Amino acid sequence: MTANDFIPKKTFKNSKNGSVTWESPSNIALVKYWGKKENQIPANPSVSFTLSGCKTNTKLSFSKKKTSNDFSFEVFLDNEKKDSFKPKIDTFFKRIVQYVPFIKNYHFVIETTNTFPHSSGIASSASGMSALALCLMSVERSLSEVEIADDYFNQKASFLARLGSGSACRSIEGDLVVWGKHNEITNSSNLFGVKYPFEVHENFKNYQDTILLVDKGEKQVSSTVGHKLMHNHPFAEQRFQQAHNNLSQLIRVFKDGDLNAFINIVESEALTLHAMMMTSLPYFILMKPNTLQIINKIWAYRNQTKSKICFTLDAGANVHVLYPQNESKQVIEFIKNELVAYCQNGQYICDQIGFGAKQLT
């Protein structure tokens, strides 16, 4: 498919007002995407676990305007008006208006809440932008003069979400989602995320993700800036090829249930992501001393117990602790006894693999 396939071919029905509510989860990349081209196109493919508990609930109310010359919307987080969110959503609307042209005809009220604490250090852009994209697709479905099939609905929602936040395109479905063109993965695309199409071993069912909140402050370098620093990065091409190779290896790992190989790939990907940050110009470090303390504790515990625990990192200091469901009791005890001391205010969130977004109303 091309981007033009998401431009509506028919006019829309005239509707005065309405509302729709979606909840959409966050996700955690196993193979990381770092670096992007124009129009939010990834420089390399990625694959992620969709999460279950960490999600955004968004209600979108719409009312017909008298004129259609500009965007009109209000944003609320936890019932509190958030004008500081408006510039990002205005940029998002500018990017998507050719694909959902009706948005200029309506005034929108966006009411959103997160299941995880605001300013917890967990990025809400993936869950938030995917929830908003899904709401807009439900509005399009209600206004469309032709029936919109579910597959097209999900693809276009992912396509729109990507234009708000790249990783948001991986939050529409679950439990494993691939974003970015890869030669071995059927129908993979740079334009939207697709459900992982191959066999997945029982070892990866109900996989657990406990998120250790090491630093809840604002990052000193945003992901947007970090992605741009991959342009002319001395190791960029090698990194992009590494991501392709690791995704190829994961196809076998997911089929065979090889947890040791899974650990090696996932931890290497996390450390490579941060190595790219430390070797860019200007260089920067998003890990904190406590991030490294946790990593070393996990390595020591794994060596002592032969556990299949591992870690991954996003573009920040927090640590995602990944482990099979059958180790939950032991790993949670280890986290409480050994790792919570390195979390800000002792905070952590227990989550697991989920299966995508859900419409509530």
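The following legends describe three close-up views of a predicted model.

**View 1. Surroundings of Cys-169 in the loop between α3 and β8.** The loop that holds Cys-169 runs between α3, residues 150-164, and β8, residues 176-179. Cys-169 has a relative accessibility of 2% and therefore counts as buried, since buried means under 20%. Leaving aside residues up to four places away in sequence, Cys-169 touches Ser-158, Ala-161, Arg-162, Trp-179, Phe-192 and Gly-193. Ala-126 lies 43 residues from Cys-169 along the chain, and the C-alpha atoms of the two are separated by 7.4 Å.

**View 2. Polar contacts of Thr-112 in strand β7.** Strand β7 comprises residues 106-114 and includes Thr-112. Because its relative accessibility is 12%, Thr-112 counts as buried. The side chain of Thr-112 reaches two partners: the backbone oxygen of Asn-57, at 3.5 Å, and the side chain of Thr-58, with which it makes a polar contact at 3.1 Å. Apart from residues up to four places away in sequence, the residues touched by Thr-112 are Thr-56, Asn-57, Thr-58, Phe-76, Leu-77 and Asp-78.

**View 3. Asp-70 in the loop between β4 and β5.** Asp-70 is located between strand β4, residues 46-64, and strand β5, residues 72-77. With a relative accessibility of 45%, Asp-70 counts as partly exposed. When residues up to four places away in sequence are not counted, Asp-70 touches Lys-65 and Lys-104. Asp-70 and Lys-104 are 34 residues apart in sequence, and their C-alpha atoms are 5.7 Å apart in space.

How values were computed: Residues are numbered from 1 along each chain as its sequence is written. This is a predicted model: local features need pLDDT of at least 70, side-chain atom pairs count only at pLDDT 80 or more; totals for chains, interfaces and linings use all residues. Side-chain values use heavy atoms; hydrogens and water are left out. Helices (H or I, at least four residues) and strands (E, at least two) are DSSP runs, numbered from the N terminus. Buried means under 20% relative accessible area, exposed over 50%, partly exposed in between (1.4 Å probe, protein chains only). Contact means heavy atoms within 4.5 Å. A polar contact is a pair of N or O atoms within 3.5 Å; within protein, one must be able to donate a hydrogen and the other to accept it, and residues adjacent in sequence count only if both atoms are side-chain atoms.
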